[in-house]
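Me: I have a structure open on my screen and would like a close look at one part of it. Could you walk me through that part at an easy pace?

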Amino acid sequence: MSKSNSIFRLVFRSFPISPSRNTFVSRTIRRRTLTTTANDMTVDITATDHETETDTTPAQTAWSSKMIAWQAHSYGTIDDLVLTSNARSPTMVAANEVLVRVKASSVNPLDVLMAEGFGQVLLGTIRQAQQLSLHKPVEFPLTLGRDFCGEIIAKGVKVKSFEVGDVVMGVVPPFHQGCHSEFVAVPEGLVAIKPDHLTIEEAAGLLYTGLTAWSALKLVGGLYIRKATDKNVLVIGGSGGVGNCAIQLLKQWGAKVTTTCDSTAINLVKGLGPDNVIDYTAKDARQQLEEHGKYDIILDAAGISYNKIGVYTPLLKGWTCSAFITLRSPILLNTDSYGLVGGMVKNAIDLLVPNILSGAVFKGSSIRWATFLPIECGVKELAKLAEEKKILIPLEKTFKFKDLKDAYKRVQDGHLRGKVIVTFDKPSMDKARLTN
């Protein structure tokens, strides 16, 4: 570590002063800028104009070296997650990053899987490549959480689109430390101003599922190049978070949308504006699917079994580069099971064989894999649609920060009718400070 970097980190970790047990320094909010040549970074933080003594519970300081977070210290189960008030606060490592105090975050299926060790081989390799290291980086303690809403409390000197105090919604790549914590540091391209009409809970649940649907349709489905206007698209599982978002995006882009869900979710899904809603439990569900087909794109947002994909490929249009897109990609699972090189070979086989056996390639169609991709232009488009009130992710249930394990278990149970949100409520945070 260079001398300038050492001084820079020392300055940051020494500010603000840690409170004593019975007294603390109350810092009134006033912007002050510290400038350093290290990393070409300018940081805005809250400062103090006066000091006050009190005998009440210590208040949250603006930015300390320690924070409250839910962390995994080893791969295991949801019950192995630990709430701590001694987690290391994130530091901004680039001049284009912002530091955000998190107010709400969502829980996604990926969080549950990562707690069990899913994706550790490939994600660990990406972390190692980012650090330009020959050694595998230390994974633990690991903080999960992929999308959030919060307030910017510091920013790099190259950040021009945001100011300290802005309330933003954002998303965190899975190979970075997550946002089920007091603070999170992310590149400015992965955050956007929260629209005024959205609650922090609604904003916190938008970008992960939104970018998953956006990446699947725009990039994997080719709609970034081809116009979606007049395309006929089937969304399997329209009642879940990704399905909700996919329907709304497609309708905004001008596509014709047919979607499936069970009878209990029909009213919810109809409110999203699809052209046709099919109860997949109905006896004539297959007939209805055929009546509204053939399809340019079939997006599986429900995670059907891989061996059932062949049931749907005959519904694709022939010789139009049509695609069945599944979000149940085995990429991470294969690298976990067979290592990086062996897993990539297995991935190639797993992608090629179904395309051949289903007959898709012989009709000018294909089976493709999609996943969440943290892409700046996707964030901007989703934020613009949200600002214009053209997209909204339904919420199923909101949990308090102290009950995060219950939120994980709800997501693990499946059959969701919207997003599961965790709010960083003050009583939960204060209790965590006192008991950890």
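Me: Which strands make up the open sheet of three strands, and in what order do they come?

Reply: Happy to walk through it with you. Please keep in mind that this is a predicted model. The sheet is an open one, and its three strands come in the order E4-E3-E6, with antiparallel pairing.

Let's begin at the edges. Strand E4 covers residues 82-88 and strand E6 covers 142-143, and these are the edge strands, each pairing on one side only. Strand E3 takes in residues 66-72, and its antiparallel pairing with E4 rests on five bridges. To find that pairing on your screen, look for Lys66, which stands opposite Arg88 in E4. Towards the other edge, E3 and E6 also run antiparallel, joined by two bridges. Here Ala72 has Leu142 of E6 as its bridge partner. As for exposure, E3 is mostly covered, with six of its seven residues buried.

Now for one residue of this sheet, Thr143, which sits in strand E6. Thr143 has a relative accessible area of 3%, so it counts as buried. Its side chain is joined to the side chain of Gln71 by a polar contact of 3.4 Å. Setting aside neighbours within four places in sequence, Thr143 is in contact with Ala69, Trp70 and Gln71, and also with Gln177, Gly178, Cys179, His180 and Ser181.

One of those contacts, Gln177, leads us to a pocket. Gln177 is among the residues that lie nearest the centre of the second largest pocket, together with Pro90, Thr91, Gln131 and His176. The whole lining of this pocket comes to 34 residues, and its volume is about 1100 Å³. How do we get at a space like that? Rolling a probe the size of a water molecule over the atoms shows where empty space is left.

The sheet has a clear part in this pocket. E3, E4 and E6 each supply at least two residues of the lining, as do helix H1 (3-13), helix H3 (120-130) and strand E9 (183-187). Of the contributors, E4 gives the most, with five residues. If you sort the lining by class, you get 14 nonpolar, 13 polar and seven charged residues.

Two of the other contributors deserve a look of their own. In H3, the buried residues are Leu122, Leu123, Gly124 and Arg127. The buried residues of this helix pack against E6, which brings us back to the sheet, and also against helix H2 (109-115) and helix H9 (331-357). Just after H3 comes Leu132, which takes a positive phi of about 50°. Strand E9 is mostly covered too, since four of its five residues are buried. E9 pairs in the antiparallel sense with strand E5 (residues 97-107), over five bridges. A handy marker for that pairing is Val98, which stands opposite Val186 in E9.

It may help to set this part against the whole chain. The protein chain has twelve helices and 18 strands. Of its 436 residues, 50% count as buried. Among contacts with a separation of 6 or more, 70% are between residues 24 or more positions apart.

Before you close the window, here is one more buried residue to set beside Thr143. Asp262 is found in the loop between strand E12 (256-261) and helix H7 (266-270). With a relative accessibility of 16%, Asp262 counts as buried, because the limit is under 20%. Its side chain makes a polar contact of 2.6 Å with the side chain of Thr264, and another, of 2.8 Å, with the side chain of Arg417. Arg417 also appears among the residues that Asp262 touches once those up to four places away in sequence are left out, along with Asp279, Tyr280 and Thr281.

To retrace the route on your screen, start at the sheet with its order E4-E3-E6. Then go to Thr143 in E6, and follow its contact with Gln177 to the second largest pocket, where Gln177 is one of the residues nearest the centre.

Key
Residues are numbered from 1 along each chain as its sequence is written. This is a predicted model: local features need pLDDT of at least 70, side-chain atom pairs count only at pLDDT 80 or more; totals for chains, interfaces and linings use all residues. Side-chain values use heavy atoms; hydrogens and water are left out. Two strands pair if DSSP finds at least two bridges between them. On a 1 Å grid over the protein atoms alone, a cavity is a set of points where a 1.4 Å probe fits but cannot get out, and a pocket is an open set with protein on both sides within 12 Å along at least five of seven lines; lining residues have an atom within 4 Å of a point. Grid points are joined across faces, edges and corners, and a volume is the space filled by probe spheres set on the points. Ala, Val, Leu, Ile, Met, Phe, Trp, Tyr, Cys and Pro count as nonpolar, Asp, Glu, Lys and Arg as charged, and the others, Gly among them, as polar. Buried means under 20% relative accessible area, exposed over 50%, partly exposed in between (1.4 Å probe, protein chains only). A polar contact is a pair of N or O atoms within 3.5 Å; within protein, one must be able to donate a hydrogen and the other to accept it, and residues adjacent in sequence count only if both atoms are side-chain atoms. Contact means heavy atoms within 4.5 Å.
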